[in-house]
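This briefing is for a reader meeting the structure for the first time. It goes through strand pairing, aromatic rings, cores, helices and backbone geometry in turn.

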Amino acid sequence: MSSVSLQNALAALSVTGVTRAFGDKPLDVEVADLPAQWTGNPSSTQERLTFTVFDEPLHECSVYWAVLPRVQGDSQDIQTNAAVNGLMDNIRTAMNSFAGFHTTTYSLSPEIVTVNGIDFDGVVMNVTAKD
């Protein structure tokens, strides 16, 4: 496995409720595309255990979801919270069936996601996997 294969697997992750999945960060997101999903650039680290032996590489990649346009001054009303939290539940369900990588860990958090200067209430998932 490589960092790119992790990114490709996450890009293909099917999450209930997602209207459009982009391969990379989109240049623009239309309201009709929401909720929209894309992956960030992957990275990889590998620790040295001894002078000549290395641990398995850790591959990391983030996935972003834009859920609703953020209204200036909006303090995440009940509808926005329900949409973001519902999508987070759907992401957890999709990740429970995510296969092909052992020791996969992930964290989910509601965050503001920005595309082309426009803020969206969204979700960010950081994924770490070993070969």
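Strands β2 and β4 run antiparallel and are joined by 4 bridges. The model is a predicted one. In it, the protein has 2 helices and 6 strands, which follow one another along the sequence as α-β-β-β-β-α-β-β.

**Strand pairing**

- Across the pairing of β2 with β4, Trp38 stands opposite Tyr64 in β4.
- Strand β4 also takes part in a pairing with β3, again antiparallel, through 3 bridges.
- Thr45 has Leu58 in β4 as its bridge partner.
- A further antiparallel pairing, over 11 bridges, brings β4 together with β6.
- Two positions help to locate this pairing: Glu60 stands opposite Thr128 in β6, and Ala66 has Gly122 in β6 as its bridge partner.
- Strand β6 is largely enclosed by the rest of the structure, because 10 of its 13 residues are buried.

**The aromatic pair**

- How many aromatic pairs are there? The count comes to 1 aromatic pair.
- The pair is formed by Trp38 and Tyr64, with ring centres 6.1 Å apart and an angle of 20° between the planes, and it is stacked.
- Trp38 belongs to strand β2 (residues 36–39) and Tyr64 to strand β4 (residues 58–69); with their positions 26 residues apart in sequence, the pair links distant parts of the chain.
- Is Trp38 buried or exposed? Its relative accessibility is 2%, so Trp38 counts as buried.
- Tyr64 has a relative accessible area of 26%, which means that Tyr64 is partly exposed.

**Nonpolar cores**

- In soluble globular proteins, nonpolar side chains tend to be buried together.
- The largest nonpolar core here contains 21 residues, and Leu10, Trp65, Ile91 and Met125 have the most contacts inside it.
- Two or more residues of this core come from each of α1 (3–11), β4, α2 (78–96) and β6 (118–130).
- Helix α2 supplies the largest share of this core, with 6 residues.
- Leaving aside residues up to four places away in sequence, Ile91 touches Val15, Trp65, Leu108, Val123 and Met125.
- A second core, separate from this one, has 10 residues, including Leu34, Trp38, Phe120 and Val124.

**Helices**

- Which residues of α1 are buried? They are Ser3, Leu6, Gln7 and Leu10.
- These residues lie on the same side of α1, because they cover an arc of only 100° around the axis.
- An α-helix has 3.6 residues a turn, so residues three or four places apart point the same way.
- What do the buried residues of α1 pack against? They pack against β2, β3 (43–45), β4, α2 and β6.
- Gln79 is found in the other helix, α2.
- With a relative accessibility of 62%, above the 50% cut-off, Gln79 counts as exposed.
- Gln79 and Leu68 are separated by 11 residues in sequence, and their C-alpha atoms are 9.9 Å apart in space.

**Backbone geometry**

- Most residues other than glycine have a negative phi, and most peptide bonds are trans.
- The peptide bond from Leu34 to Pro35 is cis, with omega near -10°.
- Pro35 is found in the loop between β1 (20–21) and β2.
- Asn116 is not a glycine, yet it has a positive phi of about 55°.
- Where is Asn116 found? Asn116 is in the loop between β5 (102–115) and β6.
- Asn116 has a relative accessibility of 57%, so it counts as exposed.

**The protein as a whole**

- Of the 131 residues in the protein, 37% are buried.
- Among contacts with a separation of 6 or more, 61% are between residues 24 or more positions apart.
- The accessible surface comes to about 7300 Å², and carbon and sulfur atoms account for 51% of it.

Terms used. Residues are numbered from 1 along each chain as its sequence is written. This is a predicted model: local features need pLDDT of at least 70, side-chain atom pairs count only at pLDDT 80 or more; totals for chains, interfaces and linings use all residues. Side-chain values use heavy atoms; hydrogens and water are left out. Rings of Phe, Tyr and Trp (its six-membered ring) pair if their centres lie within 6.5 Å; planes under 30 degrees apart count as stacked, over 60 as edge-to-face and the rest as tilted. Buried means under 20% relative accessible area, exposed over 50%, partly exposed in between (1.4 Å probe, protein chains only). Contact means heavy atoms within 4.5 Å. Accessible areas come from the Shrake-Rupley method with a 1.4 Å probe; for residues, only the protein chains shown count as cover. A nonpolar core is a set of buried Ala, Val, Leu, Ile, Met, Phe, Trp, Tyr and Cys residues joined through side-chain atoms within 4.5 Å. Two strands pair if DSSP finds at least two bridges between them. The arc is that of the directions from the helix axis to the C-beta atoms.
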